[in-house]
Amino acid sequence: MIGVVVVSHSPQLARSAVDLALEMVHGVSPRISIAAGVYDGSTGTDATQIAASIAEVASPDGVLVLVDLGSAVLSAGLALELIDLPGVEVRVTSAPFVEGLMAGLVRAAAGSSLDEVEREARDSLESKRSQLGDPADAPPEAPTEGELTLDLRLRNPSGLHIRPASMIVLALTPLDATVTIANLRTGSGPRLANSPTKLLTLAAQKGDIVRVSASGTQAREALDTVRGMVADGFGELEQATEPPASGPSRGGPIGVSPGRAVGPVVRMPEPLESPHGGAPLPGPDRSGAADRIDAASSAVAQSLRARASSVSGEPRAVLEAAATLADDPSTISEARAAVLERGESPEVAVWSTFERLAEDFASQGGRIRERVADLHDIRNRVVAQLLGREIPGVPARTEPFVLVARDLAPADTALLDPAVCVAIITREGGPNSHTAILSRSLGLPALVSVDDALDLANGTIVLVDGTAGTLTVDPTEAQISEVRAQAVAVVEFDGVGHTSDDHRVQLLANVGSPASVAGAISAAAEGVGLFRTEFLFLDRSEAPSVDEQASAYAEVFAAFPGKRVIVRTLDAGADKPLAFVTQAKETNPALGVRGYRTTWRRPELLEDQLAAIALAESAHRAKVEVMAPMIDTPDEAADFASRCAAHGLSMVGVMIETPAAAITAQEIFASVDFVSLGTNDLAQYTMAADRESADLALLGDPWQPAVLRMMRLAFDAGAAAGKPVSVCGEAASDPMLAAVLVGLGASSLSMSPRALGHVSQLLRGVTFDECRDAAADALDASTPQGARTAAASALRIGS
Ligand code: PEP
Ligand code: MG
């Protein structure tokens, strides 16, 4: 029996057409494979997918390929070039999609030859035509008297496929012009440009010259319209020349987690591709297939739980959360239903169920959206389990290695054992990516955005310098011994931050709850530079009472007797939504009522919090300071300061997180004692790049010249006012950037406790003047990489 491949721009269309056709053959069917949609689930056809489908159903009797639209013929043709199936005749037919599939399937099921099946499929429109009394094929349109003509070369990669054809028809419809188009290469046409399907019959490809002829009062405008669209490549030129989602330039490598390490490369397996849909499973097979989903999901969940129990802290929490996603009963039952009701294969059902869930998560934004990467990771694990493939993820090794990956999912990063994985290199990602944050928390040197990362072969020895942001392939023996000698020395902080010439810089910790205080104390932090108070408000339907808040704050104050603790008031909204504070549906939450703005509607939240802070302060000896998030204007700063004064809170500051606040920092200083730069948000708002978006991570880099110069405004204002400027965003955790910030005038830096040792170590190796030079040179640079290189050279790093 021949095999049948159904090629469609739309997976739903293909599945429905196959379902309909299968109703005609009552259980006996040739092997059918669907190749529909492109890799990310969007509309289109993909030659590699078609080639795989052909290989899947290949038979010595031949393979018939049906396509839904003429533009799929190009992909099908390319697929034929990709496959090598000796003795198998593969034929792409012009038969109509639905009728041809039905008629062809019936003949194929009867065991007819490829010729017979194709003829049947091609003739399948006859009945509809004769019932409707259609004339035979339309003759080419005859040229009209006095028409204008124009020859144009098609520039877009896929030529006159369905989208450009429809664009032409729609653009010409309002014009008083009769337009025809002919393909001069093939001699087909002219065809009237009032029908996309007629234009598709021209089979015009990239590079073909098409003759556009127009008559009527607006003939000239019609030709200009088509000329414009062709010149613009129908808006498809950019897509064709730029790799997806990589931005104008990666600008890497970017060091995102400090330290140096050397070791052999171990490549992480490439992620799985979306499985191909085949013919629907026969009814009797469906229940067993659905049960395989339960088994695979629970195997994945079990293995994640086993690994969770072998680690602790954040990695454990990440793995436990991933395991819950893997055996979530509602996801499993949705995937089972796809198998039982539609006959999807288990792997296709799992893939599409997780895809739908991921879309749902992505559309909700904020923290929920961050979980999309976890969903994709779990999906891949379950599908690999179903297909009997190697489970994607970090390869198990016992000897030290440098992990090289396209990108790392949170569950991968959480599994890294810093005793064997000594450094990380990824091709994707930016300074705020998950890889960056977790590698910092594990203390592993890491480079992201390394263009040729995937060219590094397994076993190649590399030296990763996460501080300088450099990668050395095949380092010398001397370099290797130097790094190994350094690695033995643990980078610890002794509790006093300063440069080599004793310029004092307080090194403080960021804490997010009383529970996270222990890490700050054991890392010898000089105090707390950012106490994020949102933890108390999460998962609540109303704010905690003043007393409850006061005792939580008191726990933190008690841990730092005589030391600074800067409490930040509630920063609800955008990436930190709180059910009872944040509006449910804001079109653009990052630009919405968040941070200090929530006080406009709910002043009592701030008043209660200030009362609680004052109460807790009175009982402890910490030097309590208070600051407000997301201040935009001098008026807001003044309002905050007067509310604090009313509660007897004497050291008051605000965060500089928006360009507006940076630009007006001088006026803001008139009412506050200090400012602290929230560089995560400052980068987001300066660069107009969502801090949650992995695609925009390189724009959100705090080394971006615009971000550095925005920071300088605040430092200059602080110097003019004679008041301190601190930094508490992630930028302060990057040792080299920390030196630049010191050079710009930072009096204290607040960071994740793990970063304290690295930042202190770097500062102790440089003078204050070198920090100033590094700042001046970095601020002159025109790219983030240029700024890093300039700073490294001024600080003598990596030389
Ligand atoms: C910042 O934006 O840099 C910051 C420290 O605040 P958060 O990350 O909590 O928004
Ligand atoms: Mg912020």
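In the predicted model, an oxygen atom of ligand 1 lies 2.8 Å from an N or O atom in the side chain of Arg-532. Two further residues approach the ligand through their side chains. A polar side-chain atom of Glu-657 is placed 2.8 Å from an oxygen atom of ligand 1, and a polar side-chain atom of Arg-691 is likewise found 2.8 Å from an oxygen atom of the ligand. Ligand 1 would expose 290 Å² if taken alone, and the protein buries 99% of that area. Two elements give two or more residues each to the surrounding shell, namely strand 17 (527-532) and helix 27 (679-687). Helix 27 makes the greatest contribution, with three residues.

The shell around ligand 1 consists of 14 residues, of which Arg-532, Lys-576, Glu-657, Asn-680 and Arg-691 are the closest. When these surroundings are sorted by class, seven residues are charged, four are polar and three are nonpolar.

A magnesium ion, ligand 2, has as its protein donors Glu-657 (OE) and Asp-681 (OD), which lie 2.0 Å from the ion. Glu-657 belongs to the loop between strand 20 (652-656) and helix 25 (659-663), whereas Asp-681 belongs to helix 27, so the pair ties together parts that are 24 residues apart in sequence. Glu-657 has a relative accessibility of 2% and therefore counts as buried. Asp-681 also counts as buried, because its relative accessibility is 2%. Glu-657 thus appears in both settings, as a donor to the magnesium ion and as one of the closest residues to ligand 1.

Strand 17, which contributes to the shell of ligand 1, pairs with strand 18 in the parallel sense over four bridges. Within this pairing, Val-528 has Val-565 of strand 18 as its bridge partner. Strand 18 comprises residues 564-568, and five of its five residues are buried. The cover extends to both faces of strand 18: Arg-564, Ile-566 and Arg-568 are buried on one side, and Val-565 and Val-567 are buried on the other.

As for the chain as a whole, 32 helices and 23 strands are present. The C-alpha trace spans about 95 × 65 × 60 Å along its principal axes. The chain has 799 residues, and 52% of them count as buried.

An antiparallel pairing is formed by strand 6 (residues 178-183) and strand 7, with three bridges between them. Ile-181 stands opposite Arg-191 of strand 7 in this arrangement. The hairpin of these two strands has four residues between the strands, and Gly-187 takes a positive phi near 80 degrees there. Strand 7, covering residues 188-192, is mostly covered, with four of its five residues buried. A cis peptide bond, with omega of about 5 degrees, joins Gly-189 and Pro-190; Pro-190 lies in strand 7.

Positive phi values also occur at residues that are not glycine. Asp-474 has a positive phi of about 50 degrees and is located in the loop between strand 15 (470-473) and helix 19 (477-488). With a relative accessible area of 55%, Asp-474 is exposed. Met-630 has a positive phi of about 55 degrees and lies in strand 19 (residues 623-631). In contrast to the exposed Asp-474, Met-630 is buried, with a relative accessible area of 1%.

Two loop residues complete the description. Glu-344 is placed in the loop between helix 13 (329-342) and helix 14 (346-364). Its relative accessible area is 6%, and Glu-344 is therefore buried. The side chains of Glu-344 and Arg-342 are joined by a polar contact of 3.3 Å. Val-450 is found in the loop between strand 13 (446-448) and strand 14 (461-465), and this residue is buried, with a relative accessible area of 2%. The C-alpha atoms of Val-450 and Val-402 are separated by 14 Å, with the two residues 48 positions apart along the chain.

Note on methods:
Residues numbered from 1 in each chain as written. Chains lettered and ligands numbered in written order. Predicted model: local features only at pLDDT ≥ 70, side-chain atom pairs only at ≥ 80, totals over all residues. Heavy atoms only, no water. Near = heavy atom within 4 Å. Polar contact = N/O pair within 3.5 Å; in protein donor to acceptor, adjacent residues only side chain to side chain. Areas by Shrake-Rupley, 256 points an atom, 1.4 Å probe, with all protein chains shown as cover. Nonpolar A, V, L, I, M, F, W, Y, C, P; charged D, E, K, R; others polar. Buried < 20%, exposed > 50% of the residue type's maximum accessible area, 1.4 Å probe, protein only. Pairing = 2+ DSSP bridges. Donors = N, O, S within 2.8 Å, 3.2 Å for Na, K, Ca; no water.
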